[in-house]
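Reader: I'm in my first year and still learning to read these pictures. Could you take one part of this model, the sheet, and walk me through it closely, along with whatever lies around it?

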Amino acid sequence: MGEYLLETNNLVKAYSKDLALNGVSIHIEKGAIYGLIGRNGAGKTTLMRIICGLARPTEGTVNPIGFANNKDFYKNISAVIESPALYPYLNAYDNLKLKCLAYGIDRPGYIEEKLKIVGLNGVKKKVSQYSLGMKQRLAIALALVGDPEFLLLDEPINGLDPQAIVEVRNLFERLNKENGITILISSHILEELAKVATQFAIIDKGQILEELTREELLTKGTNEVIVGCSDVDLAESALKSSGFTSIRKEGKESIVIGDSNADVASINKILIEKSISINSIGTKSEGIEDYYLRLTSRKV
Amino acid sequence: MYFNFLRMELFRLLKRKSTFIILGVLLALTIFTNWFYCSVNIGMTVQTGDAIEEYDQAFEAGYDAGTQMVDPEEDYQMFGRGLGMYGNASVSELYNYNSSSGNVILLLAIWVALFIGDIYLSSSQKVYLNSNANKGAWIGAKYTVVALYTTAMNLLLWPMVLLSSALFCGDVKLSFDFNFFVYFLVINFLCIAFSVIIAALNDITRKRVPGLVIGIILSQGIVSLLFAVLDILARVIKLDLGEFQIASLSIANRLAVFNLSTPSKDFCWGVTVGAIYIAISLFFVVLTAKKKDVV
């Protein structure tokens, strides 16, 4: 386990009678890409708003353990929360110039450098004429002003086309690996998040259901062996007598074995020994999406 | 941090088209106002001699003779608002007429609501306000820029008045006396107080529209009317206010009645009223920033 950059302790956020967050504790490692997974209204944005100081928790604390103090923490974080916060009547350069002025950055070529990272260098038109994808990219460039150590991105790939999603994903990986920026990303596009994140937290109804690393997620995900055969009833009894318990039939010609010790070779051997003819055999791994659905539906 | 935010807000001020459009509209309104005052004879007239007798007879008979446009060659006593008819108005007097017309505060209401409301429309506060230190510095910077633009508007009104009076008001005197200097300082302070109220409305509601609508209403003296009604009510219920008028609590009212010969105690009262409004507005802005989450 690496060194922690930030942790939250039992965060609670109440809005009149509703609890947006209910005892949320997460632990973000330094240098991680931390994926916050949850459906709309699960509490992702509220958690991010509290971490970056835009909202106050009703209870609980944010502990920036990787920073000298709160001042140092707020100086070194940047966030894109909800929609991109940009002045529509300004162009990309002027939007970044505003933040440079606020942060006292007066380095020649600095703004161009940030715009180049997101592929918007030289774009002269006003933000009001941008597509949503361009706005998202500009918002990321804006967040990079000040060279933050910790970046919070709330649904950063919303509205992006497939090519832009790949570009932005590569950008996150580059920022993380080359610049050493720790990134907290929330998204409901789980497969995309799974491609970049090294740590995950699954949040639902204001509570963290599970916090795990990518490796843990891979081991937690179940593997199933699917067999296509001529006699599923015979196959089922043969496998049961061999000690497999999680067996279900799928139609008249398929059988699924969900036991953790199920592997293609042993199942194949058992069925051949019983002279059951096999049409097909293979495995199906549970992805992050299945795991998330299984976890959240169990809670429901 | 404050000076960084100040530079940021000044940059944003100069990048906004409305900053310059509002000044253009002020120039147009100033030209129109001075043309109106100096070239169009709309003076209320009270007829003398036989005409007065006829007027009185008509009035007694139950008819309101009303106001009539009359031939200036005839024997009339004129109470004109048109300074041009005197032919020797000073730029300072014309400045006073323009200031009291309410054009400046109307345009200020619109500009302030656009400038401050912009922050909430674009949600850009989310980019900067992650700590209380930032909030304080940004509030300070925003209100400094609002005060600077208000002062710039009042200062630029002077050359606008000079230009338009040169065009329409004939023999115009340039005079820089102490009274005008004091008058300028007082009305500029009141205008700043007015701008701060509008900006505070935007900051407290965190929307553009309430500041814009209420600002326009306030600039049109509707609140002065309300205060005047309260004045009457106070007298009806025999509340002893002495010489105090509730209407004197209205900034628009103070701007409308102040002139170059206003007694200094009235100026002092005006400044006090403005300072109280500024203090209350800023108190609620800071309270909102401290108590409420950033949206």
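Author: Let's start where the two chains meet: 24 residues of chain A are in contact with 20 residues of chain B. On the chain A side, helix α3 (residues 92–103) of chain A gives the most, with seven residues. Sort that side by class and you get 17 nonpolar, three polar and four charged residues. Keep in mind that this is a predicted model. Handily, α3(A) is also where confidence is highest in chain A, at a mean pLDDT of 93. The lowest confidence in chain A sits in helix α11 (residues 288–299), at a mean of 71. Over the whole of chain A, the average pLDDT is 85, and 96% of the residues score at least 70. As a rule of reading, where pLDDT is low, the predicted coordinates should not be read in detail.

Now for the sheet you asked about. Six strands of chain A build it, and it is open, with the order β6-β7-β8-β4-β9-β10 and mixed pairing. At the edges stand β6 (77–80) and β10 of chain A; each has a single partner strand, so one side of each is left without a neighbour in the sheet. Going from strand to neighbouring strand, the average turn is 15°, direction ignored. What holds strands side by side? Strands of a sheet pair through backbone hydrogen bonds, either parallel or antiparallel.

You can find both senses here. At one edge, β6(A) pairs with strand β7 (residues 150–154) of chain A in the parallel sense, over four bridges. To find your place there, look for A:V80, which stands opposite A:L153 in β7(A). At the other edge, β9(A) and β10(A) pair in the antiparallel sense over six bridges. There, A:D204 has A:Q207 in β10(A) as its bridge partner. The two strands β9(A) and β10(A) form a hairpin, with two residues between them. Look at A:K205 in that turn: its phi is positive, about 50°.

Next, see what lies across the strands. Helix α1 (residues 44–51) of chain A crosses β4 (33–37), β6, β7, β8 (182–187) and β9 of chain A, and runs at about 150° to β7(A). Helix α5 (residues 132–144) of chain A lies across β6 and β7 of chain A, at about 165° to β6(A).

Follow the chain to the loop between α4 (110–117) and α5 of chain A and you'll meet A:S131. Is A:S131 buried or exposed? Exposed, because A:S131 has 12 other C-beta atoms within 10 Å, and a residue counts as exposed at 12 or fewer. From A:S131 to A:L160 is 29 residues along the chain, while their C-alpha atoms are separated by 9.2 Å.

Finally, zoom out. Chain A is assigned two domains, domain 1 (4–213) and domain 2 (221–299). Their centres, taken over C-alpha atoms, are 41 Å apart. Where the two touch, domain 1 of chain A gives eight residues and domain 2 of chain A gives seven. The hairpin strands turn up again here: α7 (190–196), β9 (199–204) and β10 (207–213) of chain A are the elements giving two or more residues to the domain 1 side. The largest share of that side, three residues, comes from α7(A). By class, the domain 1 side has five nonpolar, no polar and three charged residues.

Methods
Residues numbered from 1 in each chain as written. Chains lettered and ligands numbered in written order. Predicted model: local features only at pLDDT ≥ 70, side-chain atom pairs only at ≥ 80, totals over all residues. Domains from an automatic or database assignment. Nonpolar A, V, L, I, M, F, W, Y, C, P; charged D, E, K, R; others polar. Pairing = 2+ DSSP bridges. Axes fitted to C-alpha atoms, helices over the stretch in contact; angles between N-to-C directions. Buried ≥ 20, exposed ≤ 12 C-beta atoms within 10 Å, placed from the backbone. pLDDT = per-residue confidence, 0-100.
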